[in-house]
Every structure is written in structure tokens, then in C-alpha cells.
Amino acid sequence: MASELTYRGGVGGATQAGEAAAGGYSPKPSKPLAWLPRAARYAAGEHRPLFALAGMLLAAALFSLATPSSPTPATAATAGSTANPLARFSVEPSVNRQQAAARQFVGGKVPLGLKRKGLRVLVTGGAGFVGSHLVDRLVERGDSVIVVDNLFTGRKENVVHHFGNPNFEMIRHDVVEPILLEVDQIYHLACPASPVHYKYNPVKTIISFLLLLISSASMISCLDLDLTNVVGTLNMLGLAKRINARFLLTSTSEVYGDPLQHPQVETYWGNVNPIGVRSCYDEGKRTAETLTMDYHRGANLEVRIARIFNTYGPRMCIDDGRVVSNFVAQALRKEPLTVYGDGKQTRSFQYVSDLVEGLMRLMEGEHVGPFNLGNPGEFTMLELAKVVQDTIDPNAKIEFRPNTQDDPHKRKPDISRAKELLGWEPKIPLHKGLPLMVTDFRKRIFGDQDSAATTTGGQQG
């Protein structure tokens, strides 16, 4: 008996079964989307792509409603960058993000309603005169500050009021030795700045380029060199390059030497005696500026250069050989005011808070410099002695002494560039700032007799 094939497909199925029973060929019916894999055909049959598409459209609608209509500056910058299609996927270093945020707040001033993100800032020489005042401002504006100082001219007392603050750290370290720290900005102030200090140890103040070519370790050890201006600056520049930090060098008006141009502008190359008793400081700072610009041009390092003119104020060194501190200390002690030469040589004096404001504006600005930072008000030494007499003791005597070697005859900054590009100029005149310094000196001289022999150090042109 012949077998019989039964198909439950209705009439068509019966017909096909009959044809099969009759021995005819019946092709297998074609299925829709047969070219797709089996899993894809199943998903299509269940309409799952439709539900997935609906879900994506709903999520996009919700996201567009939650996103502000006006793009943020960062979004606009990313959208505008068409040169690199992968730019929006790149990760910007945290250092650059923090620096970009900091530049919006010149001088540490924060717009109402916005909270500025604090930076990590390294201040070399931060226990000195200017350095300690700079640290005060940086901590006040919310930065985390690391002070590196070997206390050669600086004092712990200048920053002791920050001890215990979690945003402050002090490391006793000489910048001629390498150090590795993670910071966003470096203020390089470390250097003996007063004539007493840099003449006492001139080799510590400068090392010539010849040393950079010396390969004999025994020769270096024989020289017994402690090197600040060149090697210290090289170490800090290397650190800034390694961690991508912005670097500010505090140079000095001494780079102009005994100037033949008056007042001095930043484009003036100076008139320096390279073998004089002041040359260790003058040439050291000129070399430091050279190294800083070489790193800027060769390594694309962000740098800033400030040329500081005579600065005075509280925490300044007592008996450091600089004219303002000498006159004030002598008048308080009832000693004659010592004027060197004929007293007609001129200087310009700025109060320390004005200088700190200028340094911060320079660091946060977009211009490399160099910039003169000083008070263009010009005084002869005899005029300065008269101001000190009027402030402390009208009966103070003046005593003339032979002038020192290479003492500049005139010194006055042209600050046109700083006024135009930084929006900075000094605010405190000498007759207002000097009494504040006198109060500090009187407390240190008569409050603790030992303090008169202790230096506070600092950074000054």
C-alpha cells in the first residue's frame, strides 16, 4: 500500500500533497527576508526594531529638553573645531583646564555667583619678603600653595601663620637640587636679592654657562658651588616643562645695569659691567631670562617674565643694605642716615602689595613679557632721607659715605606696557606705604632685640 502524505496547510497544502503523491516536484516556499540570519528574521517578525527605534527617539527627546539651549564656552569651542574631527574625544590635561579657568579671574577676583576652582601653586623663595606676601594672596583666593625655600634669606616666621592650613605646605629645599611636584603654576622668586646677601655669596647667586659644559664631577665638587640663578632656574623650568605648568620668572631692574636710557623700557638692553661686584646678580638674572625664553621658544613652555624695581614693605630684611630698609632701621635706632655718594642718584619705590598684584596679573594674563613692575615716582636718595625723617624722626642726621662700585645713577621704570596689557599700575604712594613698613620694623627692632640681627630675605629689583 502506498504511503499517503498529509499536510495541514489547507487547500493549497492538499494540492501540494497530491502533487507530491503523484510524484511531481514541489519547490520549498520562499520565506520573507530569507537573506537575513535566523535571529534577525525572528526579531523582525516580532517588530523589535520598531520598539528599539521608538525608545531611542524618546531618549533623544528627553535629552534635548534637559540640555540648555545656549551652548557653554567649552561646547562652542568643541563644535567650532572642525580641523580635527577627533578633537571632541580628546582629553585635555587637568593642568590646562585649571589654567584656563584661572585666566578668567585676573588678580584672584571671582565674579558674583561663580566659585573659582583653586590651583596648585608652587612659590620658590616663598618664605622671603615678597614671596611671603604673594603666598598670603594666593592662599586668600583659595589656591593650594607649596613653598620651597632653603631659608638662606627667608624666615619661617614670614609664613608661620599658614601652618595648619590644609591648603599650605612648606618644604625646606634648595632649588639648585631637582624636585618633583605636581602643580599648575610656578612663581620662581628664589634668589638672594639684597646687596648684602648676593655679595656675601656671589657664587651662590650665579654660575656661568661654562659650568653647563663641565662634565668632571671632581671639578664641580672642588668648586663647592651652591648655584641659584642659573641652575635653580633650570631646575624649575625643567619641572614646569615636565608637568606642563605655567612658569613666572621674577627678574629685576638690575638687568639694565647703570642705564644710559631714562626711563627704562623693556626693549632697552642695559649697560652692565660683567666683572663688577654686582654682576653676579645682574648677569645671573639676565642669564635666567635667556634660559626662560629659550624654554619658551624651544619647548613651547608657557612663561612670564617680570622685571621688578625697588620694593619695600613689612617683612623686609633689617640691615640688608637696601636703601629704604637702611634708612628706616637707622632712624628708629637714632643712628645717622647713611647716604652714599652725593645723594643725587635716583630710585623708584613701590609698595609690596602693588608688586604682588602685578605678579598675579602677569601670571594670569596672556602676555609673556618682560614687563617692568615698579612705581614710576622717582626720588633722589636725599629726598628719600627727607621722607624718612618726616615719618620717623625729623632730627635724624644724614651722614655721607663714599659711593659703592657700579651703583646706578638713575633708575625709573617705564610701565606703559604693564598699564596697557595687564591693566596694572601701582596705587600706594611712598608717604602712605612707608608708615606701614615703619610699624613692622619698630615691632621687630624693639619687640625682640634679637630680630634686628635676623634677616627676612625676599625678592626685589
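This report covers the sheet, three helices packed beside one another and two buried residues in a predicted model.

## The seven-stranded sheet

Seven strands form an open sheet in the order β3-β2-β1-β4-β5-β6-β11, and their pairing is parallel. The edges are β3, residues 168–172, and β11, residues 371–373, each of which pairs on one side only. From one strand to the next, the twist averages 20 degrees.

At the β11 edge, the neighbouring strand is β6, which spans residues 303–308 and pairs with β11 in the parallel sense over three bridges. One residue pair can be named here: R307 has N372 of β11 as its bridge partner. Helix α12, residues 279–299, lies across β6 and also across β5, which covers residues 246–252. The helix runs at about 155 degrees to β5. Angles over 145 degrees count as roughly antiparallel, so α12 and β5 are roughly antiparallel in direction.

## Strand β4 and its two partners

Strand β4 covers residues 185–188. On one side it is joined to β1, residues 120–124, by four bridges, with the two strands running parallel. The bridge partner of V121 in this pairing is Q185 of β4. β4 also pairs with β5, again in the parallel sense and over four bridges. In that pairing, Y187 stands opposite L248 of β5.

Side chains in a regular strand alternate between the two faces of the sheet. In β4, Q185 and Y187 point one way, while I186 and H188 point the other way. All of these residues are buried.

## Helix α13, an enclosed helix

Helix α13 runs over residues 323–332, and ten of its ten residues are buried, so the helix is largely enclosed by the rest of the structure. The buried residues are V323, V324, S325, N326, F327, V328, A329, Q330, A331 and L332. Their cover includes two strands, β7 (311–312) and β8 (337–340), and two helices, α15 and α17. After α13 comes K334, which has a positive phi near 65 degrees.

## How α17 packs against α13 and α15

Two packed helices are described by the angle between their axes and the distance between the axes. For α13 and α17, the axes come within 10 Å and cross at roughly 55 degrees. This crossing angle makes α13 oblique to α17, and the crossing is right-handed. From α13, the residues in the contact are V324, S325, V328, A329 and L332; they meet L434, M437, V438, F441, R442, I445 and F446 of α17. Sorted by class, this contact has ten nonpolar residues, one polar and one charged.

Helix α17, residues 430–447, also packs with α15, residues 381–391, where the axes come within 10 Å and cross at roughly 60 degrees. α15 and α17 are therefore oblique to each other, and their crossing is right-handed. Here L384, V387, V388 and T391 of α15 meet L430, L434, P435 and V438 of α17. The contact has seven nonpolar residues, one polar and no charged ones. L434 and V438 of α17 take part in the contact with α15 and in the contact with α13.

## Two buried residues: T346 and P408

T346 lies in strand β9, residues 346–348. Its relative accessibility is 5%, and T346 therefore counts as buried, the limit for that class being under 20%. Apart from neighbours within four places in sequence, T346 is in contact with H262, E378, F379, T380, M381, H409, K410 and R411. Of these contacts, M381 belongs to the span of α15.

P408 is in the loop between β13, residues 398–401, and α16, residues 416–422. With a relative accessible area of 1%, P408 is buried. The C-alpha atom of P408 is separated by 7.2 Å from that of Q345, although the two residues are 63 residues apart along the chain. Not counting residues up to four places away in sequence, P408 touches G257, D258, P259, R278, Q345 and R347. One of these, R347, is in β9, the strand that holds T346.

Terms used. Residues numbered from 1 in each chain as written. Predicted model: local features only at pLDDT ≥ 70, side-chain atom pairs only at ≥ 80, totals over all residues. Heavy atoms only, no water. Pairing = 2+ DSSP bridges. Axes fitted to C-alpha atoms, helices over the stretch in contact; angles between N-to-C directions. Contact = heavy atoms within 4.5 Å. Parallel < 35°, antiparallel > 145°, perpendicular 65-115°, else oblique. Left-handed = near helix turned anticlockwise from the far one by under 90°. Nonpolar A, V, L, I, M, F, W, Y, C, P; charged D, E, K, R; others polar. Buried < 20%, exposed > 50% of the residue type's maximum accessible area, 1.4 Å probe, protein only.
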